[in-house]
Amino acid sequence: MTIEAPQQATTGSAPAEQLLEMYRRMRRIRRFEERASELYKATEIPGFLHLSIGQEASAVGACWPLGERDGITSTHRGHGHVLAKGLDAASMMAELMGREAGTCHGRGGSMHIADPGLGIYGANGIVGAGLPIAAGVATAAKLRAAGDVVVAFFGDGAVAQGMFHEAVNLAAVWDLPVVFLCENNHYSEFSPEADQHRAPLSARAAGYGIDYEHVDGNDVLAVSRTMTEVVGRLRAGGGPILVEAETYRWHGHYEGDPERYRTPEEVASAKERDPLLVARRHLAAAGVATALADAVDEEIDKEIEAAVEWARALPEPAPESLYDFVSAPRTVIPEPAPAQGEVFRSMDAVRLALEHELAADPSVFVAGIDVGAGGNVFGLTRGLADAFPGRVRDTPISESAILGTAVGAAMAGMRPVVEIMYMDFIGVALDMLLNQAAKLRFMTGGRASMPLVVRTQFGAGRSSGSQHSQSLEALLAHIPGLTVVMPSNPADTYGLLRAAIRDPNPVVFVENRLQYGLKGPRPPADHLIPLGKAKVIREGTDITLVSWSRMVQDALAAAELLAGEGISVEVIDLRTIAPLDRETVLASLAKTNRLVIAHEAVRDFGVGAELSALAVDEGFWHLDAPVTRVAPPPVPAPYAPSLERVWLPSRDTIADTVRRIAAV
């Protein structure tokens with residue numbers, strides 16, 4: 001392939017000093033990646049490595065018009081993006097080598113580098129996951145109305161992900177200031193582009209009703225010129241834009257890739273359009289002496305070598321730091337006095353808690369399916385959209401985009417409260433909880449803040465069937481980094497939801513829809529309940545009965561029934577499932593010497609099993625009887641009322657179990 005001399009119009013769009021700086025940034029990426037490849041082969045870099053050699057122009061050109069407050073999200077091939085945005089090469093090299101002084105204290109490695117302080121909202125090991133997060137960062141930018149923009153880098157392989165569709169569609173509907181920039185290197189891992197997609201990105205952009213731009217991704221001037229114009233449109237209030245930068249990666253999908261899917265001749269041909277050679281031709285056309293470019297090469301070589309030597313000399317994270325950065329420290333909240341106000345309902349508690357926090361903190365916003373104009377499917381948010389314009393937002397039916405928006409907005413300094421209509425639907429978007437919200441603080445070494453709340457609801461007993469009745473708290477509690485809350489009464493719903501919104505950690509707040517009409521005394525407006533603290537809600541001496549959510553009401557009813565038979569039952573409401581308040585449970589067990597656990601989730605592998613293990617492990621010498629669980633069998637929730645009644649525990653089944661254990 002012959003490289004044509006650039007036209008004067010192209011070189012004339014940037015002064016010589018800008019051209020030289022663009023070249024310097026590209027050369028920094030190239031040399032960083034070359035040294036990373038060498039260090040990986042020498043086993044000095046221990047983890048996965050996906051290099052961006054050949055794609056330097058798209059990274060530098062895309063970031064050229066961005067300021068520090070502007071954001072980017074990146075991919076598993078993200079070294080070039082974060083270097084182009086301004087991250088220093090030394091701390092990044094230390095991160096790749098697993099050092100404590102690395103960008104993320106050695107917790108993230110190559111695929112998870114982030115620095116929100118520089119507008120870098122994370123490289124990501126999940127294909128397409130950065131796109132919904134970018135929508136969240138852009139949402140924060142729009143709510144602040146400061147003119148900031150976001151660039152979401154993704155590869156052509158991510159177009160096949162549902163997260164791509166959900167993020168672009170949400171951004172279009174909300175007119176978000178985000179550039180979706182596809183670095184089309186024509187390969188999705190090992191598969192050529194033609195085997196992965198049938199519609200071009202230009203057609204996809206038209207389908208979403210957004211603008212599209214195509215640019216030569218190997219020409220840094222062309223990319224920077226296009227992106228400067230595009231970013232200017234967004235700063236002026238324009239909506240999202242899809243930009244396709246055609247480029248090519250020289251190395252395999254990962255270091256060690258045998259590359260059987262392409263020929264050496266194809267790679268050699270692509271190298272004729274080396275972005276650095278193209279940039280050198282621009283420099284020559286602009287009258288920049290070759291010696292100046294050579295001096296940049298020498299300067300960068302020394303910079304990267306110094307970074308390598310510095311990183312080599314650093315210590316790895318100390319073993320005792322293993323638990324650092326999993327969760328942010330919580331403000332100590334004392335247990336409040338019992339509520340004594342007028343009677344109100346759990347549904348009122350949800351609305352009042354949201355209203356209180358929206359009024360108190362401008363960084364709080366609420367988003368979800370039909371939470372705005374519709375006021376929520378149960379009417380819980382009715383009136384809030386009018387009271388807080390722009391901060392109670394309806395979304396498309398796009399659970400991944402909803403949760404990704406929460407993650408991105410939280411990283412950008414907001415306190416989002418998003419709703420997943422039914423707890424069952426969390427499975428549609430589990431990645432955003434499992435791999436993003438729960439892990440980003442840890443993987444970034446504490447750089448990423450994650451103050452977000454996911455509200456959802458569940459509840460068996462009204463023939464809602466297997467896809468609308470599941471109690472999935474065990475699944476969520478098994479994910480380190482997530483807090484899971486399940487209130488059992490109106491006052492706790494109010495106090496726990498307010499505490500969750502104010503908490504610096506990601507909280508899944510699970511309501512039981514069969515309790516929305518449950519009445520109880522209203523607490524004062526400043527009522528807060530500490531997260532992670534269970535409560536003894538009925539004193540007893542013969543047996544400890546632990547439960548949570550709606551099943552607490554059945555447990556209390558069973559305890560009242562058994563009191564008439566001379567059995568004294570101590571009832572504990574967990575309130576927070578994770579982190580688990582082990583101390584309260586063990587203290588009660590030490591007093592009663594017997595433990596029964598009742599829950600609405602299926603019995604096998606559940607929270608009841610964790611409590612049983614706790615009792616046997618740490619409370620073994622207190623036990624005078626077997627630890628027993630009262631829970632549905634491992635069968636999906638049935639629809640027919642006759643089957644659901646047999647499946648779901650009740651006051652009577654709980655009482656029968658307590659009688660049996662008390663008699664042992």
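These legends walk through several close-up views of a predicted model.

**View 1. A salt bridge joins Glu-44 and Arg-312.** Start with one of the 45 salt bridges that the structure holds. Here the side chains of Glu-44 and Arg-312 come together, with 2.8 Å from N to O. The two partners belong to distant parts of the chain, 268 residues apart. Glu-44 sits in the loop between helix H2 (16–41) and helix H3 (56–63), while Arg-312 belongs to helix H12 (residues 290–312). Buried or exposed, or something in between: how does Glu-44 count? Glu-44 is partly exposed, because its relative accessibility is 26%. Arg-312 is partly exposed too, at 32%.

**View 2. Arg-522 pairs with Glu-342.** In this salt bridge the closest N and O atoms are 3.7 Å apart. Again the pair links distant parts of the chain, this time 180 residues apart. You'll find Arg-522 in the loop between strand E15 (519–521) and strand E16 (535–538). Glu-342 is in a loop as well, the one between H12 and strand E8 (343–345). Arg-522 counts as partly exposed, with 34% relative accessibility. Glu-342 has 56% relative accessibility, so it counts as exposed.

**View 3. Glu-419 and Arg-455 form a salt bridge between two strands.** Their side chains meet at 2.8 Å, N to O. Glu-419 comes from strand E11 (residues 415–419) and Arg-455 from strand E12 (residues 453–458). That puts the partners 36 residues apart along the chain. Are these charged side chains buried or exposed? Glu-419 counts as buried because its relative accessibility is 5%. Arg-455 is buried as well, at 3%.

**View 4. Several charged residues link up in a network.** Here the salt bridges connect into a network rather than standing as one pair. Its members are Arg-27, Arg-31, Glu-34, Arg-280, Asp-294, Asp-297 and Asp-301.

**View 5. Cys-63 and Cys-182 stay unpaired.** Why is there no bond between the sulfurs of Cys-63 and Cys-182? A disulfide needs its two sulfur atoms within 2.5 Å. The sulfur of Cys-63 has its closest cysteine sulfur in Cys-182, but that is 15 Å away, so it is too far for a bond. Look from the other side and the story holds: for the sulfur of Cys-182, the closest cysteine sulfur is the one in Cys-63, at 15 Å. Both residues are tucked away, Cys-63 being buried with a relative accessible area of 3% and Cys-182 being buried with 0%. For the structure, the disulfide count comes to zero.

**View 6. A closed space sits among helices and a strand.** The structure holds three cavities of 30 Å³ or more, and this view shows the largest, with a volume of about 70 Å³. Its lining includes Ser-346, Val-350, Pro-487, Asn-489, Thr-493, Glu-511 and Tyr-516. Which elements give two or more residues to this lining? They are helix H13 (346–360), helix H19 (490–502) and strand E14 (507–512). E14 gives the most, with three residues.

**View 7. The largest pocket offers about 450 Å³ of space.** There are 18 residues in its lining. Nearest the centre lie Ala-477, His-478, Ile-577, Ala-578 and Arg-582. Helix H18 (473–477), strand E19 (576–578) and H22 each supply at least two residues of the lining.

**View 8. Val-616, Phe-620 and Trp-621 make a nonpolar surface patch.** H22, met in the pocket view, turns up again here, next to a loop. The patch covers about 410 Å². Trp-621 is found in the loop that runs between helix H22 (607–618) and strand E21 (628–630). How does Trp-621 count, buried or exposed? Trp-621 counts as exposed because its relative accessibility is 78%.

**View 9. Leu-545 lies in strand E17.** This strand covers residues 543–547. Leu-545 is buried, as its relative accessible area is 0%. Thr-592 is 47 residues from Leu-545 in sequence, and the two are 9.9 Å apart in space, C-alpha to C-alpha.

Notes. Residues are numbered from 1 along each chain as its sequence is written. This is a predicted model: local features need pLDDT of at least 70, side-chain atom pairs count only at pLDDT 80 or more; totals for chains, interfaces and linings use all residues. Side-chain values use heavy atoms; hydrogens and water are left out. Patches are made of residues with over 30% relative accessible area and no salt bridge: like charges are joined within 9 Å, nonpolar side chains (Val, Leu, Ile, Met, Phe, Trp, Tyr) within 5 Å. Accessible areas come from the Shrake-Rupley method with a 1.4 Å probe; for residues, only the protein chains shown count as cover. A salt bridge is a side-chain nitrogen of Lys or Arg within 4 Å of a carboxyl oxygen of Asp or Glu. Helices (H or I, at least four residues) and strands (E, at least two) are DSSP runs, numbered from the N terminus. Buried means under 20% relative accessible area, exposed over 50%, partly exposed in between (1.4 Å probe, protein chains only). On a 1 Å grid over the protein atoms alone, a cavity is a set of points where a 1.4 Å probe fits but cannot get out, and a pocket is an open set with protein on both sides within 12 Å along at least five of seven lines; lining residues have an atom within 4 Å of a point. Grid points are joined across faces, edges and corners, and a volume is the space filled by probe spheres set on the points.
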